[in-house]
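Dear colleague,

I am handing over the structure we discussed, with its sequence. Please look it over before reading the notes below.

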Amino acid sequence: MRTLIDVRNVSKTFGGVVANHDISLKVPEGEITGLIGPNGSGKTTLFNCIVGNHPIDSGSIVFQDREITTFTVQKIARLGLLRTFQQTHIYGNMNCIQNMLISVPHRTEGYSDMFRPYRREAYERVDELLEFVGLYSKRKLQAGDLSFGQQKLLEFAMALMNGPKVLLLDEPTAGINPTLINGLIDRLKRANQELGITLFVIEHNMRVIMNLAEHIYCLAHGELLAQGSPNEIQNDQRVIDAYLGAH
Amino acid sequence: MKPSVIALYVVIVIAGITAPLVFPNYTFQIAVLWMMILFALTWDIMGGQMGYNSLGNIFFFGAGMYISAVVQIAQFAPVGEYTSAFGAYQVEFTDAQYYTGLGLGIVAAGIGAIFCAVILGACVFGLRGPYFAIGTLGLALAAAELIGGWEWVGGGGGISMPVFPGGPDLRSRFFYYIVFVLAITTFGFLRWLYTTRFGLAINAIRDNESKAEAMGLHTKRYKTAAWSIAAFFLGMVGAVFGNMVGFIEPLEVAFPTVTFGIFMVAMSLLGGKGTLWGPVLGATLFHVIKELTWIYLLGWQWVALGAIIVINVVFFQQGILGWAMDRWPEKFGIVVEPSPGEGRAVGAQEAAQ
Amino acid sequence: MLDNLSLLIQAPLLNIQLLLDGLLIGAIFALAAYGLALVWGVMNVKNLAQGDFVIMGGYIATSFADYGIHPFLALPAAIVLMFGFGWLCYVSIIRRVIGRDIFVSLLATFGLALVLQQALNLIFGSDVQTADAGFQTRFFFGGQVTVADTKFIALVLAGVLAACVVLFMKRSRMGKAIRATAQDARAARVLGVNTDRVYAFTFALNSAICGAAGVLVAMIWVIQPYYGIVHSIRSFIIVVLAGLGNLPGVIFGALFLGSAEQFSAFVFGAEFQVAAVVCILVLVLIYRQIQSARHRQVVK
């Protein structure tokens, strides 16, 4: 299987604090890969490093056999590597349809496209995806007026609209009504299988990640602690210790 | 478009065309009103729609004015000698020479302003919020001071523009109609622009620029384009205003940062920023208030204007249209409640759970 | 321009003169900049009327001089009057813009600056004025370097004022409350600090500092109603260079700005002095952007 994202020996410090130390991991194409770890173990920092928010201190990041270590956020996003945020990031003063429309892929956008109206297909795709995440009835509401959970769903739909190759999801179920979590897991799996989007998911909810991922990496104190199938991770003594606070 | 809206446009255009014939004594004032509307509209592209509050957009107005002056003069006389003579250097322009010079000057002003916007944009678009406002303010102030020390373009003494070949009535009407056409064109252009992808993109930058970047939007491109569009129209109207006044100098006419420069912000805010009609409304109201204070508050008019700006910003920040949108959102097409029964199967199930 | 540059190289003493002038005037810029850093840090208000407060203080000094009172005596008067004026500004305007969109505070204070400069223009006229303190001028190096005694006295006074403010912030109850509010206004409120009063006091204190700086400016330099904006820009340059809550940085930045201004005025000509200030602002902002871009960040 092809490796889509290849993180090689990445280290990142803030001042004197080591957030990521010598981390290497691979995200294979077409699969769902999980990333777990206690609070402050450097999961989100790693995401930020991959998508280009932070310049890394050492190591390299390769996406589709292409070195992207020094690329900017926008350039990486246009290559098809997208992330969602832990705290929702949406365009609050625009309605859901507008939020979706502006998320169309920008990969091949030329200067003249800036001044064109949207095509019919774009509108149809918006309707499809909003229905897919269950926000169709709220499509004309201002995004800022939606509840936190709905904003998360909208952000997920916006990411799908962008048609990425791989999607980095930062705690997709945090803050979502527990009764809706099963539906969300189902949608993530469908996005993976039907749309062919590779997923790389940070998750705190063990039930969710064990259910979802095929391969899991576990971080602790900024270092890679363990990796393996959900079963192996569940039974790994080091992982259990890390979560229970033993050293 | 609704018939009532079309009727409104027709009324405005007819009023604009007939105004100098009905009020011949106020032609200059009404021309300035159209210019104010253009100011507010172009400021709002960046300030209202894109969330980049510039205090230095007046730079393009002055840049356009000087570019056109140089272009108009340079075709028929050496610029250095012409400016150093302070109007004593008489050049006899034929009618044709004057008009082609003016036309070329206006076009050059627009294009030159775009160049300035692209170059300066690279210098200031890494700044956000208050830093951007202060940085752009710095650009406008610096331009005024630097031009003031540049003898080739007349320095602080200014330039007397080529004399219009015609009577005073014809002259004022001629420039009135150019400003009028420019303002109407700006409005029409922006009205179309905000319906394209461009409109959504700059709104997205206003609401959450880091998200827009994370989604791969070409933010720099959109920001530069937005500033260039504002610069283009401001540059052209600057060229026209320079000729309309007949004499240009850096501090009071070309780069009046503390008057026109701040007025364009105040007018947009007064009408409601981030809307198409807000700036038009704000500019009209502000101009009327300004003229009234000129008549009734002799001497203290500037203090009164400053106070109006403060009151506007502090107590009435959302502006007239912003207030109306809060009050009657449905009239502006903003939906606050999901419409029941409209939801399709999946959404309805979800909501019921 | 090149002539002036070669003159600087041929006559090294000229450099000393310019540097000395720059440092002495820079010390006064530091006062207003410290005030700006204070309101910026504590209440997140970017005060564009800063320079106009300075000019107001200057006019208090010239008014005293007009009545035959020594401008030194204007110093306490300016501090008291400007403190009251700052409080008034806070209650009427600033209170309503705290916590709002950051641009609102900028624009509101810009409007205030407009009102002040126009009002000063109507009251005092647009002529350049100075408050003559009537001190001697000292000569060094056989008369090639001259420094007016007033400038030394102004330097000492600026130092004393700054020390007083710093001591006040460190020791007094109000000073501690101000620093607590700057760190976390909500936590301070929970712990019983009356943040509204703290804000009012901070703004009034800033205005008093500016007033005192203005008296010194009027004594050693010139004032004019429209010079306010340049003083505001100077304060911004210094704060942007130094960052918030960095007193040594503010002092260093102010001294740097003062000398840079003197040198550029000499090399390019006096008519370019204001241009130099504004160009330094633009350059400093560009420098900050490049610095942030290295960390893939923006200046906010």
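The notes that follow go through the nonpolar cores, the surface patch, the salt bridges and a few individual residues. Please keep in mind throughout that this is a predicted model.

Nonpolar cores

The largest nonpolar core holds 263 residues, and the members that touch the most others in it are Leu154(A), Phe39(B), Leu55(B) and Phe53(C). Separate from that core is another of 27 residues, which includes Cys49(A), Ile61(A), Ile76(A) and Leu168(A). As a general point, nonpolar side chains in soluble globular proteins tend to be buried together.

For Phe39(B), once residues up to four places away in sequence are set aside, the residues touched are Ile58(B), Phe61(B), Leu234(B), Val237(B), Phe260(B), Met264(B) and Met267(B).

Phe53(C), named above among those core members, is also touched by Leu116(C), a residue of helix α5 of chain C. Leu116(C) has a relative accessible area of 10% and is therefore buried, the limit being under 20%. Beyond residues up to four places away, Leu116(C) touches Asp52(C), Met56(C) and Phe85(C) as well as Phe53(C). Leu36(C) lies 80 residues from Leu116(C) along the chain, and the C-alpha atoms of the two are separated by 18 Å.

Surface patch

Which residues form the nonpolar patch on the surface? They are Val288(B), Leu292(B), Ile295(B), Tyr296(B), Leu297(B), Trp300(B), Leu122(C) and Ile123(C), and together they have about 830 Å² of accessible area. Two elements give two or more residues each to this patch, namely α13 (277-296) of chain B and α5 (102-124) of chain C. The largest share, 4 residues, comes from α13(B).

Leu122(C) sits in helix α5 of chain C. The relative accessible area of Leu122(C) is 37%, so this residue counts as partly exposed.

Salt bridges

Over all chains, the count of salt bridges comes to 18. In general, side chains of opposite charge can pair when their charged atoms come close. Three pairs may be of interest to you.

In chain A, Lys26(A) and Asp6(A) meet through their side chains in a salt bridge, at 3.4 Å from N to O. This pair links distant parts of the chain, with Lys26(A) in strand β2 (residues 17-28) and Asp6(A) in strand β1 (residues 3-14), 20 residues apart. Are the two partners buried or partly exposed? Lys26(A) is partly exposed at a relative accessible area of 42%, whereas Asp6(A) is buried at 9%.

Also in chain A, Asp236(A) forms a salt bridge with Arg238(A), with 3.1 Å between the closest N and O atoms. Asp236(A) is buried, its relative accessible area being 16%, while Arg238(A), at 46%, is partly exposed.

In chain B, the side chains of Glu209(B) and Arg128(B) meet in a salt bridge at 3.0 Å, N to O. Glu209(B) belongs to helix α9 (residues 209-214) and Arg128(B) to the loop between α5 (95-124) and α6 (129-148), so the pair ties together parts of chain B that are 81 residues apart in sequence. Both Glu209(B) and Arg128(B) are buried. Returning to chain A, salt bridges with shared partners join Asp6(A), Arg8(A) and Lys26(A) into one network.

Lys211(B) and Phe247(B)

Helix α9 of chain B also contains Lys211(B). With a relative accessibility of 1%, Lys211(B) counts as buried, because the limit is under 20%. What does the side chain of Lys211(B) make a polar contact with? The partner is the side chain of Glu155(A), at 3.2 Å. Leaving aside neighbours within four places in sequence, Lys211(B) is in contact with Phe85(A), His89(A), Tyr91(A) and Met158(A), in addition to Glu155(A).

Phe247(B) is located in strand β2 (residues 247-248) of chain B. Phe247(B) has a relative accessibility of 34% and so counts as partly exposed. Gly158(B) is 89 residues from Phe247(B) in sequence, yet their C-alpha atoms are 7.1 Å apart in space. Apart from neighbours within four places in sequence, the contacts of Phe247(B) are Gly157(B), Gly158(B), Ile159(B), Ser160(B), Met161(B), Gly242(B) and Val253(B).

With kind regards

Note on methods: Residues are numbered from 1 along each chain as its sequence is written. Chains are lettered from A and ligands numbered from 1 in the order in which they are written. This is a predicted model: local features need pLDDT of at least 70, side-chain atom pairs count only at pLDDT 80 or more; totals for chains, interfaces and linings use all residues. Side-chain values use heavy atoms; hydrogens and water are left out. Patches are made of residues with over 30% relative accessible area and no salt bridge: like charges are joined within 9 Å, nonpolar side chains (Val, Leu, Ile, Met, Phe, Trp, Tyr) within 5 Å. Accessible areas come from the Shrake-Rupley method with a 1.4 Å probe; for residues, only the protein chains shown count as cover. A salt bridge is a side-chain nitrogen of Lys or Arg within 4 Å of a carboxyl oxygen of Asp or Glu. Buried means under 20% relative accessible area, exposed over 50%, partly exposed in between (1.4 Å probe, protein chains only). Contact means heavy atoms within 4.5 Å. A nonpolar core is a set of buried Ala, Val, Leu, Ile, Met, Phe, Trp, Tyr and Cys residues joined through side-chain atoms within 4.5 Å. A polar contact is a pair of N or O atoms within 3.5 Å; within protein, one must be able to donate a hydrogen and the other to accept it, and residues adjacent in sequence count only if both atoms are side-chain atoms.
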